[in-house]
Structure formats: structure tokens, C-alpha cells
Amino acid sequence: MEWIDEGIVLGVRRHGESSAIVELLTRSHGRHLGLVRGGAGSRMRPLLQPGNTVSAVWRARLDEHLGYYALEGVRLRAATMFGSSHAVYGVTHLGSLVRLLPERDPHEDIYEMLESILDDFDDVAAAGVQLVKFELAMLTELGFGLDLSSCAASGAMNDLIYVSPKSGAAVSRQAGEPWRDRLLRLPPFLRESDDGTNGWSGQDIEDGFRLTGLFLLRNVLEPRGQGHSDAREGFINAVIRPRATVAAE
């Protein structure tokens with residue numbers, strides 16, 4: 001058995017004295033593990049950092065075996081990304097989200113989205129917005145997508161500013177006014193009519209994470225006996241704190 005694919009490094013763990021088991025999210029073969037000979041050595045360490053994109057050749061005698069990876073670097077982002085706290089937390093959190101997907105199950109749209117996020121991770125505000133959108137995409141991929149296209153109460157497609165915490169459907173300003181204290185806020189960057197030209201506030205990003213966090217926890221994590229990763233909270237704080245400081249000055 002053999003295939004060639006591109007993959008994003010999610011994690012590495014030592015195996016024996018010199019080898020390592022490397023976990024990749026590959027474009028066409030999904031989340032996939034393989035053994036890298038010499039992967040625990042200093043020569044391979046820069047290549048095997050989470051967030052890097054690599055070219056992977058996977059070989060095994062049978063398809064169900066762990067198999068071996070031969071890896072070459074394509075985009076080694078980690079060296080520059082890990083100079084900022086939001087990137088360290090963000091890459092760790094992205095890895096925990098991707099691990100919710102079944103192993104060896106292709107999710108090419110998720111792969112493309114993850115690669116796009118990592119390519120622009122130096123922009124703190126954009127990273128926050130894109131990670132909220134990634135959580136939203138993960139909900140859809142796992143079968144719990146939110147309907148943010150029209151108002152659940154009236155069918156209106158304009159002025160959608162709330163989300164029902166029960167149904168996960170959007171609610172318009174007029175229809176939601178009597179229950180606004182019970183509804184979640186739909187941040188501008190998740191509205192189809194918003195192109196982001198006015199920028200986003202720290203409160204917008206916080207509202208986005210509150211929205212996706214509720215549905216991830218209730219529909220995905222708690223049924224598996226899990227909770228949000230510590231890295232998620234660290235990322236949110238790292239993204240919002242600088243914006244709050246600027247707003248206060």
C-alpha cells in the first residue's frame with residue numbers, strides 16, 4: 001500500500017529511541033498517522049512542528065497498518081508563527097478540533113480552510129475571525145451546522161443579529177427584540193451581508209466564540225465526555241486582550 005499527499009502536521013509523539021509517530025491532516029486521506037524513522041532526532045524537529053505543511057509518502061503492507069511516512073517540507077510556518085502567543089494557542093486548538101474528525105476520513109474543505117488560516121496567522125484579528133469560522137465549519141462537517149441564512153421566526157433574510165441557543169437558527173432584530181436577553185448575538189463577520197470593511201471589535205470576536213462554543217460543547221464535546229481545550233481559552237484571551245487595550249487608550 002502506498003500513497004502520496006500533502007498534509008499539515010497536527011502532532012508528534014516519540015516512539016522508541018529515535019522514531020516518532022506523526023499525525024497529519026492530509027488533503028485526500030484525512031487525519032492520518034504514520035511512523036517516521038529518525039523523527040525524534042534534532043534534524044527532523046524543525047520539519048515536524050505543528051502547523052507545517054509537508055509532502056508525505058505513506059507506505060504499509062496492509063491498509064489498516066500504521067505504516068511509515070517519508071516527509072519533505074512544503075511550507076514551514078512554525079518557525080515564524082510560534083513567536084506570538086495567539087499562534088501557539090491557536091495551532092494547538094486547531095489540532096484539537098481536527099481530532100474530532102474520524103481518522104482516515106477525507107475532509108478536503110476542512111483541509112483547505114485550515115491551510116488558509118495558518119497562512120495568515122500573523123494577523124491577530126483575522127486569526128480570531130477565521131478560527132470562529134473554522135469552528136462553525138467543523139460543526140457543519142460533524143453534522144451540527146447552524147442555519148444563519150434566514151430568520152427562524154419570520155423567514156426574513158436581512159438584519160439578522162441574533163441566534164437561537166435552542167435551534168441554532170438566526171433571528172432578525174425585529175423578531176428577536178422581545179427575547180433579546182435570551183438570544184446569542186450573531187457577530188457581523190458571520191452575516192452574509194457583511195464584507196468586513198468596517199473591521200471587527202474584540203466584542204464581535206468574543207461573541208463569535210461564545211456562539212460556536214455553546215454548540216460545540218453541547219452537541220459534540222459533552223457527548224464524548226470532553227470539554228473545550230485550555231488552548232481555546234488561551235487563544236481567545238490572546239486575541240481579545242490587545243484589542244481591548246487599544247480600545248481603552
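**Close-up 1. Arg59 and Glu2 shake hands in a salt bridge.** In this predicted model, the closest N and O atoms of Arg59 and Glu2 sit 3.0 Å apart. The two partners come from distant parts of the chain: Arg59 belongs to strand β4 and Glu2 to strand β1, with their positions 57 residues apart. Is Arg59 buried or partly exposed? Its relative accessible area comes out at 41%, so Arg59 is partly exposed. For the wider tally, the structure holds 17 salt bridges.

**Close-up 2. Strand β4 pairs with β1 and with β5.** Stay with β4, residues 53-59, and look at its cover: five of its seven residues are buried, so the strand is mostly tucked away. Strand β1 (residues 2-15) runs antiparallel to β4, and seven bridges join the two. One pair to look for here is Trp3 with its bridge partner Trp58 in β4. Strand β5 (residues 68-75) also pairs with β4 in the antiparallel sense, again over seven bridges. Here, try finding Ala56, which stands opposite Leu71 in β5. As you follow any of these strands, keep a general rule in mind: in a regular strand, side chains alternate between the two faces of the sheet.

**Close-up 3. Arg77 reaches Glu115 through a salt bridge.** Their side chains meet at 3.5 Å, N to O. What does this pair tie together? Arg77 lies in the loop between β5 and α1 (78-81), while Glu115 is in helix α3, so the contact connects parts that are 38 residues apart in sequence. Both Arg77 and Glu115 are buried. As a general point, side chains of opposite charge can pair when their charged atoms come close.

**Close-up 4. Arg77 also makes a salt bridge with Asp119.** For this pair the N to O distance is 2.8 Å. Asp119 is in helix α3 and Arg77 is in the loop between β5 and α1, so this contact ties together parts that are 42 residues apart in sequence. How covered are the two partners? Arg77 has a relative accessible area of 7%, so Arg77 is buried. Asp119 has 40%, so Asp119 counts as partly exposed. Now zoom out a little: Arg77, Glu115 and Asp119 are among the members of a salt-bridge network, along with Glu6, Arg27, Arg75 and Glu112.

**Close-up 5. Four acidic residues gather in a patch of negative charge on the surface.** The residues to pick out are Asp105, Glu108, Asp109 and Glu141. Where is Glu108 found? Look in helix α3, which covers residues 108-119. Glu108 has 42% relative accessibility, so Glu108 counts as partly exposed.

**Close-up 6. Three strands make an open sheet in the order β7-β6-β8.** The pairing in this sheet is antiparallel. Which strands sit at the edges? They are β7 (170-172) and β8 (184-185), each of which pairs on one side only. Strand β6 (residues 160-163) is joined to β7 by three bridges, and the two run antiparallel. To get your bearings, find Leu160, which stands opposite Ser172 in β7.

Definitions and conventions
Residues are numbered from 1 along each chain as its sequence is written. This is a predicted model: local features need pLDDT of at least 70, side-chain atom pairs count only at pLDDT 80 or more; totals for chains, interfaces and linings use all residues. Side-chain values use heavy atoms; hydrogens and water are left out. Patches are made of residues with over 30% relative accessible area and no salt bridge: like charges are joined within 9 Å, nonpolar side chains (Val, Leu, Ile, Met, Phe, Trp, Tyr) within 5 Å. Accessible areas come from the Shrake-Rupley method with a 1.4 Å probe; for residues, only the protein chains shown count as cover. The place of a charge is taken as NZ of Lys, CZ of Arg, CG of Asp or CD of Glu. Helices (H or I, at least four residues) and strands (E, at least two) are DSSP runs, numbered from the N terminus. Buried means under 20% relative accessible area, exposed over 50%, partly exposed in between (1.4 Å probe, protein chains only). Two strands pair if DSSP finds at least two bridges between them.
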